[in-house]
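This report goes through the contacts, core, domains, chain interface and strand pairing of the model shown below. The account is kept to what can be read from the coordinates.

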Amino acid sequence: MKIFNYHSAKDVKEASKLSSSRSAFLAGGMTTIPSMKLGLASYKDIINIKGIKKLSGIKISGKKVTIGSTTRHAEVANSKEIKKAIPSLSALAEGIGDPQVRNRGTIGGSIANNDPAADYPSACIALNAVIHTNNRKIDAEKFFRGMFETSLKSGEIIESIEFAIPQKSSYQKYPNPASRYAIVGVYVAKHKSGVNVAVTGAKSCVYNDKNLSDILSKSFSADAINNTKISASGMNSDIHASADYRANMVKVFC
Amino acid sequence: MSKVSLEINGKKISKEIPDHTTLSIFLRDILNLTGTHVGCDTSQCGACVVHVDGKSIKSCTALAVDLDGSKITTIEGLTTNGKMHPMQEAFKKLHGLQCGFCTPGMVMSAIDLLKSKKNPSDTEIRDWLEGNICRCTGYQNIVAAVKEAASKM
């Protein structure tokens, strides 16, 4: 790992002020640290944001679940309140990586990284999440821009993620046997306003399958998509699964 | 360089270290606590698992400076008055190891499991240990050892 200067910010303002084009914010570090060790990334400054109290914690109010950006996966997985409000969300957190990753990794880190096979981005899309930063609120649909790319600007810090509590929801994935990342993961959520079918792992970035969402919004049953064909166009193809296999998995999980 | 103060196996330690020092390097190269092993060094194999404030983490993927003020327990911190921890005893008794390289991480990870699940099933043990890789034993005796330890703890 190349040398860098470490800072521990006491508040969001200080963290933002310390940042530059050659810095990274450090939350759980589950991607940042391995990336630096493998020489895939190097930074002049690493700014730890875990000491900022207001970025951590779980709040449930009315129809929303709000999770602070540095809240760890294990906290989401074990939260009784989330298990009650959105059981599929705590189940998703329980399935990330391994126990040690879940003890360190954070929800904000996961969505800021926007790995094409990460679990949380699909939850954000399916649960109509609003991403609160130190500058603005961003709808999940506009937040995830492409492979490892988000609409976050330099110096912008995710403070919390606000999820809408659905009427019904489920997240199913075929985990990579080694990493537990989703080879394909599908998050279906039924809201009063309609159904979302968020897909991760299948393409270069998480997406809402509008066709499946429309069909299930009209008729919320497994039979409704029986005759729907999922195109393999644009799907990932690698040693783990071909594009056709992934396209089929989307339908199977949906 | 930054000053880091940690409590390691009950002993308070303060050192001036380069910012990019991982906890595994800090333990092994600076403190000579070589019981914590480094296998893959990419947070997959779990040989480097230690406890930070009671929770298991992979020490190769944490910066020592980031853990300033934490309480850390390594495999060396498990014995009391020269007596092995029940988990270590169980691994020894049931041959839960062959070459022993993964064992410190397995033991530390398994102890963390028993904190939240007193009597885990085979499936729960295997699920929990998915971040710990052993290339010798085939896991059968490791699972048996964790169950044995659970009955003793």
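## Contacts of A:V197 and the nonpolar core

In this predicted model, and leaving aside residues up to four places away in sequence, A:V197 touches A:V186, A:V188, A:N208, A:D209, A:L212, A:S213, A:L216 and A:C254.

A:V197 also belongs to the largest nonpolar core, a set of 116 residues, where it is listed with A:I49, A:A123, A:C124, A:V186, A:V250 and B:A110 among the members that have the most contacts inside the core. Strand β12 of chain A, which covers residues 182–191, gives the most to this core, with seven residues. As a general background to such a grouping, nonpolar side chains in soluble globular proteins tend to be buried together.

## The two domains of chain A

The domain assignment of chain A gives domain 1 as residues 1–53 and domain 2 as residues 56–253, and the C-alpha centres of these two domains lie 25 Å apart. Across the boundary, 14 residues of domain 1 of chain A are in contact with 16 residues of domain 2 of chain A.

On the side of domain 1 of chain A that touches domain 2 of chain A, helix α1 of chain A (residues 12–18) gives the most, with three residues. By residue class, that side of domain 1 of chain A is made up of six nonpolar, six polar and two charged residues.

## The interface between the chains

Between the chains, 18 residues of chain A are in contact with 23 residues of chain B. The elements of chain A that give two or more residues to the side touching chain B are β1 (5–8), α2 (32–37) and α6 (99–104), and α6(A) gives the most, with five residues. The residues on this side of chain A divide into ten nonpolar, five polar and three charged.

## Strand pairing of β1 in chain B

In chain B, strand β1 (residues 2–8) pairs with strand β2 (residues 11–17) in the antiparallel sense over seven bridges, and B:I8 stands opposite B:K11 in β2(B). The hairpin of β1(B) and β2(B) has two residues between the strands, and B:N9 takes a positive phi near 50° there.

Which sense of pairing, parallel or antiparallel, relates β1(B) to strand β5 of chain B? Strand β5 of chain B, residues 71–73, pairs with β1(B) in the parallel sense over two bridges, and within this pairing B:E7 stands opposite B:K71 in β5(B).

Notes:
Residues are numbered from 1 along each chain as its sequence is written. Chains are lettered from A and ligands numbered from 1 in the order in which they are written. This is a predicted model: local features need pLDDT of at least 70, side-chain atom pairs count only at pLDDT 80 or more; totals for chains, interfaces and linings use all residues. Two strands pair if DSSP finds at least two bridges between them. Helices (H or I, at least four residues) and strands (E, at least two) are DSSP runs, numbered from the N terminus. Domain bounds come from an automatic or database domain assignment. Two residues are in contact if their C-beta atoms, placed from the backbone, lie within 7 Å. Ala, Val, Leu, Ile, Met, Phe, Trp, Tyr, Cys and Pro count as nonpolar, Asp, Glu, Lys and Arg as charged, and the others, Gly among them, as polar. A nonpolar core is a set of buried Ala, Val, Leu, Ile, Met, Phe, Trp, Tyr and Cys residues joined through C-beta atoms within 7 Å. A residue is buried if 20 or more other C-beta atoms lie within 10 Å of its own, exposed if 12 or fewer, and partly exposed in between; C-beta atoms are placed from the backbone.
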